[in-house]
Amino acid sequence: MECRVLSIQSHVVRGYVGNKSATFPLQVLGFEVDSINSVQFSNHTGYAHWKGQVLTAEELNVLYEGIKLNKVTQYDYILTGYSRDTSFLEVVVDIIQELKKANPSLVYVCDPVMGDQGAMYVPENLLPVYKKKVVPLSDILTPNQFEAELLTGRKINTEDDAVKVMDLLHEMGPDTVVLTSTDLPSKQGDQFLVALGSQKIRKPDGTSTNQRICLDIPKVDAVFVGTGDLFAAMLLAWTHHHPNDLKTACEKTVSVMHHVIKRTITYAVETAGPGIKPSPAQLELRMVQSKADIENPSIVVKANVLDKSLDQKQ
């Protein structure tokens with residue numbers, strides 16, 4: 001069965017971020033991907049220089065009208081990432097509502113990109129749009145800790161806090177929530193990052209049960225761009241292949257990430273030379289070189305299922 005994704009994200013000429021980070025790995029895993037580029041930049045903004053254009057809400061509407069006129073708007077998935085304009089985000093919401101009406105089983109994967117480490121890097125007026133309109137439409141949500149706290153108004157200091165925040169996010173709409181990174185201490189030590197996930201599985205009798213998992217991800221001492229976009233795309237792909245098994249989907253997603261990042265840092269350090277900090281260009285994700293790992297990742301990060309006593313929820 002052909003599976004088609006509409007991905008609305010940023011685009012760069014050089015490197016891997018937004019649609020450039022999501023499209024190739026999804027295609028490798030057999031998905032047809034239609035891309036709308038919310039921005040078109042020469043490269044990501046971590047470089048010393050960048051140039052380009054930003055797509056307006058009106059231009060987004062025009063592109064969508066074009067595919068609608070040709071009656072080619074049958075999608076199985078929608079994937080969205082970074083947006084920095086409320087009117088643009090409002091049009092995205094309209095498009096998702098229309099496509100969901102046409103296909104009620106359509107799955108919307110949302111990476112609510114708003115900030116990190118306690119600081120927002122999009123205008124604050126996007127938060128109410130995400131809270132009131134975007135999150136309620138989403139089926140799979142991939143915030144980091146800061147974004148999850150913004151959306152719920154609740155701080156995460158413990159694993160229990162994280163579970164409560166994921167439950168609050170479920171109540172807002174999505175059946176699957178993955179906190180892609182947190183500041184929680186890892187049981188494996190400070191060289192590991194903690195990610196958590198929760199999936200609400202609805203049973204035939206109308207009740208639901210939650211599968212909650214925790215992953216300890218090895219840290220790499222470098223700044224990578226486009227990893228969040230790759231994470232959301234891989235979670236889309238692996239939840240498609242393992243629809244009621246968040247543990248396996250997350251293990252495969254995070255293992256793909258690990259292989260790509262490891263290959264990238266190895267290349268960057270070798271290219272920069274001894275004692276020299278790699279440049280943003282050298283740290284661009286080694287995506288094409290990781291094709292085999294994307295298709296069939298060897299599992300290097302295992303997920304633990306959280307306390308079963310939390311698991312039954314009527």
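A residue counts as buried when its relative accessible area is under 20%, and as exposed when that area is over 50%. The exercises below apply this rule to a predicted model.

**Exercise 1. Helix α1**

Task: Determine how many of the 10 residues of helix α1 are buried, and what covers them.

Solution.
Step 1. Locate helix α1, which comprises residues 19-28.
Step 2. Apply the cut-off to each residue: N19, S21, A22, T23, P25, L26 and V28 are buried. The count is 7 of 10, and the helix is therefore mostly covered, given that buried means under 20% relative accessible area.
Step 3. Identify the surroundings. The cover of these buried residues includes strands β1, β2 and β4 together with helices α7 and α9.
Step 4. Inspect the end of the helix. G30 follows α1 and has a positive phi, near 95°.

**Exercise 2. Strand β4**

Task: Establish which residues lie on each side of strand β4 and whether they are buried or exposed. Then state which strands pair with β4.

Solution.
Step 1. Recall the general pattern: in a regular strand, side chains alternate between the two faces of the sheet.
Step 2. Assign the residues of β4, which spans 77-80. Y77 and L79 are on one side, and I78 and T80 are on the other. All four are buried, so both faces of the strand are covered, since each has under 20% relative accessible area.
Step 3. Find the pairing with β1, residues 4-12. This strand runs parallel to β4 and is joined to it by 4 bridges; within the pair, I8 has T80 as its bridge partner.
Step 4. Find the pairing with β5, residues 107-110. It is also parallel, over 4 bridges, and Y77 stands opposite V107.
Step 5. Follow the chain from β4 to β5. It passes through helix α3, residues 86-102, and this β-α-β crossover is right-handed.

**Exercise 3. Two asparagines**

Task: For N144 and N210, state where each is found, whether it is buried or exposed, and which side chain it contacts through a polar contact.

Solution.
Step 1. Place N144: it is in the loop between β8 and α5. Its relative accessible area is 7%, and N144 is therefore buried.
Step 2. List the polar contacts of the N144 side chain. One, at 3.5 Å, is with the side chain of D116. At 2.8 Å, the N144 side chain also reaches the backbone nitrogen of E147.
Step 3. Consider contacts beyond the neighbours within four places in sequence: these are G115, D116, T180 and S181.
Step 4. Place N210: it belongs to strand β11, residues 208-218. With a relative accessible area of 1%, N210 is buried. Its side chain and that of D167 are joined by a polar contact of 3.4 Å.

**Exercise 4. Positive phi**

Task: Describe the location and exposure of K71 and Q117, which have a positive phi without being glycine.

Solution.
Step 1. K71 has a phi near 55° and lies in the loop between α2 and β4. Its relative accessible area is 66%, so K71 is exposed.
Step 2. Q117 has a phi near 50° and lies in the loop between β6 and β7. Its relative accessible area is 65%, so Q117 is exposed.

**Exercise 5. A pocket**

Task: Describe the space and lining of the second largest pocket.

Solution.
Step 1. The space in this pocket is about 330 Å³.
Step 2. The lining has 13 residues, and V107, T176, Q199, P243 and N244 lie nearest the centre.
Step 3. Strand β10 and helix α7 each supply at least two lining residues; the largest share, 3 residues, comes from β10.

Key. Residues are numbered from 1 along each chain as its sequence is written. This is a predicted model: local features need pLDDT of at least 70, side-chain atom pairs count only at pLDDT 80 or more; totals for chains, interfaces and linings use all residues. Side-chain values use heavy atoms; hydrogens and water are left out. Buried means under 20% relative accessible area, exposed over 50%, partly exposed in between (1.4 Å probe, protein chains only). Two strands pair if DSSP finds at least two bridges between them. A crossover is right-handed if, with the strands pointing away from the viewer, the path from the first strand over the helix to the second runs clockwise. A polar contact is a pair of N or O atoms within 3.5 Å; within protein, one must be able to donate a hydrogen and the other to accept it, and residues adjacent in sequence count only if both atoms are side-chain atoms. Contact means heavy atoms within 4.5 Å. On a 1 Å grid over the protein atoms alone, a cavity is a set of points where a 1.4 Å probe fits but cannot get out, and a pocket is an open set with protein on both sides within 12 Å along at least five of seven lines; lining residues have an atom within 4 Å of a point. Grid points are joined across faces, edges and corners, and a volume is the space filled by probe spheres set on the points.
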